[in-house]
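Trainee: I'd love a close look at one part of this model, the places where its pieces meet. Please take me through the contacts step by step.

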Amino acid sequence: MPLLNSVYRQREAGKPLVTLDDYRAAGGYQALPKVLAEMDPDDLQYEFMRSGLRGRGGAGFPMGKKASFLPKDSQRPKYVVCNADESEPGTFKDREIMEFNPFQLLEGITLAGYAIGAVRGYIYIRGEYEHQARVLDRAVAEARAAGLLGTGLFKSTFDFDITVYRGAGAYICGEETALLESLEGKRGQPRLKPPFPAVAGLYHSPTLINNVETLAALPPIVEKGADWYAGLGTEKSPGTKIFCVSGHVMRPGNYEIVLGETTLRELIFVHAGGLRPGRRVKAVWVGGSSVPPLGEQHLDTPLDYEALAAAGTMLGSGGCIVMDDSGSVVRTTLRLVTFYRHESCGKCSPCREGTSWMEKLLQRIVDGQAGPDDLEMLKALFGRISGRTLCPLAEGAVGPVRTALELFPDDWADALENGVPVPEPMLPVSS
Amino acid sequence: MTADQIREYLEPRRHEFADPRSLVLPALKFAQTGRGYLTREDMEAVAEATGYSASYVESVATFYDRVYTEPVGTRVVSVCVSMSCQLRGADQVWEALCDKEGVDHHHGGTSADGRITVQEAQCLGYCDRAACIQVDAEETQGPHTPDSARALVDELRAAPDPDEYWR
């Protein structure tokens with residue numbers, strides 16, 4: 001099925017929309033004045049809920065419902081926080097929004113701010129995205145100068161401004177409570193929940209946290225109506241979703257599709273250009289590295305939340321990493337666990353120690369030095385890590401290993417016998 | 001970097017935060033632009049400018065990969081080694097740069113002339129341009145091969161030092 005560029009308005013426009021004039025010419029900043037003139041905040045929240053938009057950062061929680069959890073009678077200031085700490089391996093969709101369509105994100109954050117009665121929005125952007133942060137800085141300055149941020153927007157009584165806040169290299173800060181800790185000037189370690197951020201988030205105030213893609217989806221929802229959005233895709237997975245395809249494909253890149261309409265096979269072979277000649281799909285991590293992999297037998301799974309869950313994985317962030325039969329599941333799994341070991345914040349022992357143990361065991365297997373009990377020891381670790389930590393990072397490390405063992409038993413048996421030689425990588429095609 | 005310089009940088013941003021503690025990380029990042037890493041004096045200056053203790057400031061600084069509390073090279077070259085880049089030759093790029101700069105494959109490190117630090121990076125978010133490399137906090141670039149990565153480091157070595165070290 002074809003692509004549908006709704007969040008990626010810049011692609012529809014055929015050029016980057018990094019100036020306010022260009023964004024307006026492409027239909028931007030029509031939603032905000034309409035909302036401020038015609039709707040009260042509760043109506044707008046209801047519109048978000050009716051659209052069925054689900055959080056695009058990974059968990060898929062309904063956005064409108066999340067907004068409705070903020071207490072209406074709180075005397076404290078409320079905040080919107082945009083999670084732009086895009087660090088999930090294989091995920092690079094938010095980067096393109098911020099770099100080429102920054103005003104749609106600003107407009108989306110402002111709409112969310114109006115819906116919950118917020119006084120300020122924060123964009124927490126990963127430190128490695130300094131280039132994108134500077135694009136956002138310029139966009140915020142231009143929006144302020146044009147009266148699109150500041151006091152009394154569009155002659156209403158609504159005051160709202162946005163701050164771009166840079167992280168400094170920590171995957172864990174994409175976890176919402178760790179992000180809040182970091183934004184508050186502390187070490188970025190997750191908090192015990194409850195209380196949830198909706199009740200006590202940034203500076204103990206009611207806070208709505210959403211991913212970049214989620215917030216950038218709001219202007220089109222207002223422009224075209226919640227019914228239009230809810231009518232796209234399936235009942236439980238409405239709307240469009242950006243998939244970032246990388247790894248062993250000919251055309252890696254971002255592809256915005258209507259949920260439920262496109263299969264994994266179409267995403268890889270039609271949109272992303274397929275594999276090198278003579279290669280077959282070995283494994284695909286559809287929703288970023290934290291989700292269990294799928295095999296060739298799952299290629300006809302439609303890309304939506306329910307169908308992917310039924311296939312044994314998760315839609316996650318949409319970071320779809322494709323590996324062909326030249327790659328090694330065992331080596332790639334080790335790499336993935338190394339990532340989680342490195343990024344474990346160290347707060348919870350099962351995660352801090354467990355990811356390190358998993359890495360050591362996997363390294364022994366890859367090096368061909370595994371003992372007869374090592375695989376059993378690896379399996380025994382899962383239950384000692386899983387479900388015993390404050391945040392889902394540890395779960396993200398365990399799930400993919402567990403599934404890789406189930407789906408590819410022959411690869412593991414072979415690795416235990418012989419180790420795993422370094423596979424030949426797919427190098428860039430010289431142009 | 002002096003406490004006054006840090007204060008001057010923070011002042012226009014202060015009103016954006018309900019709690020001034022939020023200024024600690026921006027202050028650290030700014031203080032680092034002076035020499036590319038933080039000395040004890042830099043952290044004490046951040047402490048003075050923000051009003052928190054030096055030990056607190058250090059506890060924040062040591063949490064983040066991109067805040068350096070030990071000396072690093074004039075340019076820091078981060079080679080992404082996460083899954084997507086691994087599949088597209090990141091390990092070969094990494095080893096080529098380590099060999100070129102004479103640092104070990106396990107930890108990377110700084111070249112003997114102090115010009116280049118080679119370090120592993122976790123996913124940089126440029127998987128569509130794997131294998132990718134980021135120099136300091138400049139825009140990430142790719143796809144790289146061992147040859148193109150070696151050429152990049154040669155260019156960096158020949159280039160004048162940056163005015164500010166954003167990392």
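Mentor: Happy to. The domain bounds I'll use come from an automatic or database domain assignment. Keep in mind, too, that this is a predicted model. On that assignment, chain A is divided into domain 1, covering 5-230, domain 2, covering 240-324, and domain 3, covering 329-418.

Let's begin inside chain A, with domain 1 and domain 2. The C-alpha centres of domain 1 of chain A and domain 2 of chain A are 27 Å apart. Where these two domains touch, domain 1 of chain A contributes 22 residues and domain 2 of chain A contributes 21. Together they bury about 1700 Å², with 48% of that area on carbon and sulfur atoms. As for polar links, 17 residue pairs are in polar contact between domain 1 of chain A and domain 2 of chain A, counting pairs with both residues at pLDDT 80 or more. There are also two salt bridges across this interface. Have a look at the one formed by E306(A) and R54(A), whose closest N and O atoms are 3.2 Å apart. On the domain 1 side of this interface in chain A, helix α6 (residues 93-100) gives the most, with three residues. By class, that side of domain 1 of chain A is made up of seven nonpolar, eight polar and seven charged residues.

Now turn to the meeting of the two chains. Here 65 residues of chain A are in contact with 44 residues of chain B. The area buried between chain B and chain A is about 4400 Å², and 55% of it lies on carbon and sulfur atoms. Three residues are worth picking out on your screen: M83(B), L87(B) and R88(B) supply 18% of the area that chain B buries against chain A, more than any other three residues.

The polar side of this interface deserves a look as well. Four salt bridges cross between chain B and chain A. One of the salt bridges in the model joins the side chains of D91(B) and R335(A), at 2.8 Å from N to O. Chain B and chain A also share 28 residue pairs in polar contact, with both residues at pLDDT 80 or more. Among the elements of chain B on this side, α2 (24-32), α4 (54-61), α5 (83-87) and α6 (90-101) each supply at least two residues to the surface touching chain A. Sorted by class, that surface of chain B holds 20 nonpolar, 13 polar and 11 charged residues.

Note on methods
Residues numbered from 1 in each chain as written. Chains lettered and ligands numbered in written order. Predicted model: local features only at pLDDT ≥ 70, side-chain atom pairs only at ≥ 80, totals over all residues. Heavy atoms only, no water. Contact = heavy atoms within 4.5 Å. Buried area = accessible area lost by both parts, 1.4 Å probe. Polar contact = N/O pair within 3.5 Å; in protein donor to acceptor, adjacent residues only side chain to side chain. Helix = DSSP H or I, 4+ residues; strand = E, 2+ residues; numbered from the N terminus. Nonpolar A, V, L, I, M, F, W, Y, C, P; charged D, E, K, R; others polar.
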